[in-house]
Amino acid sequence: MPEPFRLAVQKRLTEALEGITIANGFYTDIGPGKVFRGRLYYGDSDPIPMLSILEEPIAAETDLEPMGGTGGTTPYNLMVQGFVSDNQTDPTDPAHYLMADVKKVLARLNKERIATDRVLAFPEKAPTVLDIEFGGGVVRPPDDLSAKAYFWLRVTLSLVEDNENPSVES
């Protein structure tokens with residue numbers, strides 16, 4: 001069934017992040033069911049460790065399409081958050097490990113892009129993803145925002161969108 005392109009991008013990123021398991025050579029066990037999209041609030045019943053994918057709350061400044069334009073290239077800014085059980089002595093250490101795992105997945109996606117000229121297995125024509133970039137990230141101890149240690153990592157994907165046909169096959 002066709003679905004909106006940006007949702008498909010988030011779903012494929014979710015699948016890639018669900019591959020974070022110790023059996024796959026990572027520090028942390030995430031696996032299926034522990035990566036969430038579009039949720040801002042979490043509670044005691046949610047699994048730890050876990051990841052969250054959110055769109056940044058303010059859209060990137062981009063040039064508008066010319067008159068009659070039906071698509072174009074635009075940055076798609078996401079925020080990946082990771083929540084972990086902290087330890088008493090050094091509460092943020094586990095968050096550093098999980099953020100390193102996420103960066104490893106993103107680096108692998110970039111390596112695949114270089115080898116295949118495709119990101120997240122989207123086709124070469126619109127709608128597609130041209131590139132994926134990520135920042136250094138920020139790790140924080142438990143605070144007023146979270147009872148658990150956590151990290152934020154900005155991920156920017158360069159999208160080529162076709163606004164007349166904004167869906168892709170899932």
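**Close-up views of a predicted model**

**View 1. Trp152 and the nonpolar surface patch.** With a relative accessible area of 32%, W152 is partly exposed, a value that falls between the limit for a buried residue, under 20%, and that for an exposed one, over 50%. The model shown here, as in the other views, is a predicted one. W152 belongs to strand 7, which covers residues 149-162. On the surface, W152 joins V138 and L145 in a nonpolar patch, and the accessible area of these residues together is about 290 Å². Because patches are built from residues with over 30% relative accessible area, the 32% computed for W152 satisfies that condition.

**View 2. Lys34, a buried lysine without a salt bridge.** K34 is placed in the loop that runs between helix 1 (5-18) and strand 2 (35-37). Although K34 is buried, it has no salt bridge, and the nearest side chain of opposite charge, that of D29, is 7.2 Å away. Since a salt bridge calls for a side-chain nitrogen of Lys or Arg within 4 Å of a carboxyl oxygen of Asp or Glu, the separation of 7.2 Å between K34 and D29 does not meet the criterion. When residues up to four places away in sequence are left out, the contacts of K34 are D29, P47, I48, P49, M50 and L51. D29 therefore appears among the residues that K34 touches, even though no salt bridge is formed by K34, because a contact requires heavy atoms within 4.5 Å.

**View 3. Glu112 in helix 2.** E112 is found in helix 2, the element that takes in residues 93-116. The relative accessible area of E112 is 44%, and the residue is therefore classed as partly exposed. Apart from residues up to four places away in sequence, E112 touches D117 and R118.

**View 4. The whole protein, as a setting for the close-ups.** Two helices and eight strands make up the secondary structure, and along the sequence they follow the order β-α-β-β-β-α-β-β-β-β. The radius of gyration is 17 Å, close to the 15 Å that the globule rule gives for 170 residues, so the protein is as compact as a globular protein of that length. Taken along the principal axes, the C-alpha atoms fill a box of roughly 60 × 35 × 30 Å. Of the 170 residues, 39% count as buried, while the accessible surface comes to about 9700 Å², with 52% of it belonging to carbon and sulfur atoms. Among contacts between residues at least 6 apart in sequence, 65% join residues at least 24 apart.

How values were computed:
Residues numbered from 1 in each chain as written. Predicted model: local features only at pLDDT ≥ 70, side-chain atom pairs only at ≥ 80, totals over all residues. Heavy atoms only, no water. Patch = residues over 30% accessible without salt bridge, like charges linked within 9 Å, V, L, I, M, F, W, Y side chains within 5 Å. Areas by Shrake-Rupley, 256 points an atom, 1.4 Å probe, with all protein chains shown as cover. Helix = DSSP H or I, 4+ residues; strand = E, 2+ residues; numbered from the N terminus. Buried < 20%, exposed > 50% of the residue type's maximum accessible area, 1.4 Å probe, protein only. Lys, Arg positive; Asp, Glu negative; His and termini not counted. Rg over C-alpha atoms; globule rule 2.2 N^0.38 Å.
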